[in-house]
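Colleague: I am new to this model and would like a close look at one part of it, taken slowly, before moving on to the places connected with it.

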Amino acid sequence: MPSFLRVGLTGGIGSGKSTVAKLLASHGARIIDADAISRQMTAAGGDAIPLISKTFGQLFIDVDGALNRDKMRQLVYTDAKAREALESIIHPLVGREIQWQTNVALDEQCRVVVFDVPLLVESPVWRERVDHVLVIDSTSELQIERVNIRSGMSRSEVEKIMASQASRKTRLSAADTVICNITQSLSQLALEVRYIASGFGLSCN
């Protein structure tokens with residue numbers, strides 16, 4: 001086991017990835033959450049806001065000065081060029097913050113760092129940056145149901161997001177380890193994560 005294990009955690013929207021990340025953190029893993037960093041960059045006062053306003057216009061900034069997520073989501077899932085423009089703004093900022101957090105983890109001698117990256121499989125670079133890919137798998141219907149309960153998104157909205165992500169088959173083919181989060185209870189999921197965490201060299205007392 002290397003002194004510093006880099007785990008890439010990924011899964012489709014509504015798969016249960018965030019729950020697994022929290023469970024891994026409870027066993028001592030350092031979680032670096034790409035989505036959380038992205039939200040930070042697009043919150044009021046975030047580093048991405050000036051460029052987003054300049055590129056897309058003030059209509060895409062809400063009254064609080066943050067990214068208008070609903071309006072932007074409607075645009076980028078129907079306009080590939082707009083999506084590319086948004087990614088060209090956000091991805092470099094997120095990348096720099098991830099590198100900074102990684103350096104902090106190294107300085108603090110963390111044994112396992114988990115990179116929570118929703119689009120890890122889709123990225124041309126992420127697979128080379130991690131030692132192990134952990135995929136959280138679920139069915140499309142369960143994903144839609146979970147996201148609807150969690151955030152109130154309609155079926156069509158969730159389906160658009162899912163269509164922009166890697167297919168279930170593609171994610172599974174990239175995995176070193178798969179957690180099938182379909183029929184498991186939370187306690188069963190916790191037991192499976194505990195077993196996996198132990199294999200990563202984390203404390204599971």
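What is the relative accessible area of Asp131, and is this residue buried, exposed or partly exposed?

Modeller: Asp131 has a relative accessible area of 34% and is partly exposed, where buried stands for under 20%, exposed for over 50% and partly exposed for what lies in between, with a 1.4 Å probe and protein chains only. Please keep in mind that this is a predicted model, in which local features need pLDDT of at least 70 and side-chain atom pairs count only at pLDDT 80 or more, while totals for chains, interfaces and linings use all residues. Residues are numbered from 1 along each chain as its sequence is written, and side-chain values use heavy atoms, with hydrogens and water left out.

The partner to look for is Arg6, which forms a salt bridge with Asp131, the closest N and O atoms being 2.8 Å apart; the term covers a side-chain nitrogen of Lys or Arg within 4 Å of a carboxyl oxygen of Asp or Glu. Asp131 sits in the loop between helix H6 (126-129) and strand S4 (132-137), whereas Arg6 belongs to strand S1 (residues 5-11), so this pair ties together parts that are 125 residues apart in sequence. Helices (H or I, at least four residues) and strands (E, at least two) are DSSP runs, numbered from the N terminus. Arg6, like its partner, is partly exposed, its relative accessible area being 27%.

Arg6 also helps to line the second largest pocket, together with Phe4, Gly95, Ile98, Gln99, Thr102, Phe115, Trp126 and Arg129. A pocket here is an open set of points on a 1 Å grid over the protein atoms alone, where a 1.4 Å probe fits and with protein on both sides within 12 Å along at least five of seven lines, and lining residues have an atom within 4 Å of a point. Two or more lining residues come from each of helix H5 (80-107) and H6, and H5 gives the largest share, four residues.

Further along strand S1 lies Thr10, which counts as buried at 0% relative accessibility. The side chain of Thr10 has a polar atom 2.8 Å from the backbone oxygen of Val117 and reaches the backbone oxygen of Pro118 at 2.9 Å. If neighbours within four places in sequence are left aside, Thr10 is in contact (heavy atoms within 4.5 Å) with residues including Lys17, Leu119, Val133 and Val135.

Lys17 leads to another salt bridge, in which its side chain meets that of Asp116 at 2.6 Å, N to O. This pair, too, links distant parts of the chain, with Lys17 in helix H1 (residues 17-26) and Asp116 in strand S3 (residues 112-116), 99 residues apart. Both Lys17 and Asp116 are buried.

For a pair within one element, turn to Asp70 and Arg73, whose side chains meet in a salt bridge at 2.9 Å, N to O. Both residues lie in helix H4 (residues 69-76), three residues apart, which is about one turn of the helix. Asp70 is partly exposed at 47% relative accessibility, and Arg73 is also partly exposed, with a relative accessible area of 22%. Elsewhere, Glu141, Arg155 and Glu159 are joined into one network by salt bridges that share partners. By the rule given above, the count of salt bridges comes to nine, and the pair of Asp131 and Arg6, with which we began, is one of them.

Terms used
A polar contact is a pair of N or O atoms within 3.5 Å; within protein, one must be able to donate a hydrogen and the other to accept it, and residues adjacent in sequence count only if both atoms are side-chain atoms.
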